[in-house]
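Grab a coffee and work through these short exercises on charged side chains. Try each task before you read its solution.

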Amino acid sequence: QVQLVESGGGFVQPGGSLRLSCKASGRILDIVAMAWYRQAPGKQRELVARVTSGGSVNYADSEKGRFTISRDNAKNTVYLQMNDLKPEDTAVYYCNAVIFAATSIAPSPYWGQGTQVTVSS
């Protein structure tokens, strides 16, 4: 069974930084892409940043220049470095990965359990 486990969320003041991590484990043949989404109260889940196995990266416009996504393929781990955090960044952040598992015939999306990020003074 494939699992995604996130860590690194917490409480931070405006202007502060946090680094989120997400590690994929299980019988994994390949990870096509890894991404971070977030969902604020009363809002839809939205893409924050995404990185493919080849290193292609895309960000939501509101995070460009403040957030950096990176990936360690050897560790099946994706990171999200968040700088200059703002109260509007408060949300539950979810890790997402498109994984070709050993038990599957095609890549499938998987989600982590989410980690809370709260930005407040």
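**Exercise 1.** Find the salt-bridge partner of Glu-46, and decide whether each side chain is buried or exposed, or something in between.

*Solution.* Start at Glu-46: in this predicted model, its partner is Arg-38, with the closest N and O atoms 2.8 Å apart. Next, check accessibility. Glu-46 comes out at 38%, so call it partly exposed. Arg-38 has 7% relative accessibility, and buried means under 20%, so Arg-38 counts as buried.

**Exercise 2.** Arg-38 forms another salt bridge, with Asp-89; work out which parts of the chain this pair ties together.

*Solution.* First, the contact: the closest N and O atoms of Arg-38 and Asp-89 are 2.9 Å apart. Then place the two ends. Arg-38 sits in strand β4 (residues 28-39), while Asp-89 is in the loop between β8 (77-82) and β9 (91-101), so the pair ties together parts 51 residues apart in sequence. As for burial, Asp-89 has 0% relative accessibility, so it counts as buried.

**Exercise 3.** Which salt bridge does Asp-89 form with an Arg in the loop between β6 and β7?

*Solution.* Look at Arg-66: its closest N and O atoms with Asp-89 are 2.8 Å apart. This pair links distant parts of the chain, because Arg-66 belongs to the loop between β6 (57-59) and β7 (67-72) and the two residues are 23 apart. With 9% relative accessibility, Arg-66 counts as buried.

Now put the pieces together: shared partners join Arg-38, Glu-46, Arg-66 and Asp-89 into one network. As a final tally, the structure holds three salt bridges.

Notes: Residues numbered from 1 in each chain as written. Predicted model: local features only at pLDDT ≥ 70, side-chain atom pairs only at ≥ 80, totals over all residues. Heavy atoms only, no water. Salt bridge = Lys/Arg side-chain N within 4 Å of Asp/Glu carboxyl O. Buried < 20%, exposed > 50% of the residue type's maximum accessible area, 1.4 Å probe, protein only. Helix = DSSP H or I, 4+ residues; strand = E, 2+ residues; numbered from the N terminus.
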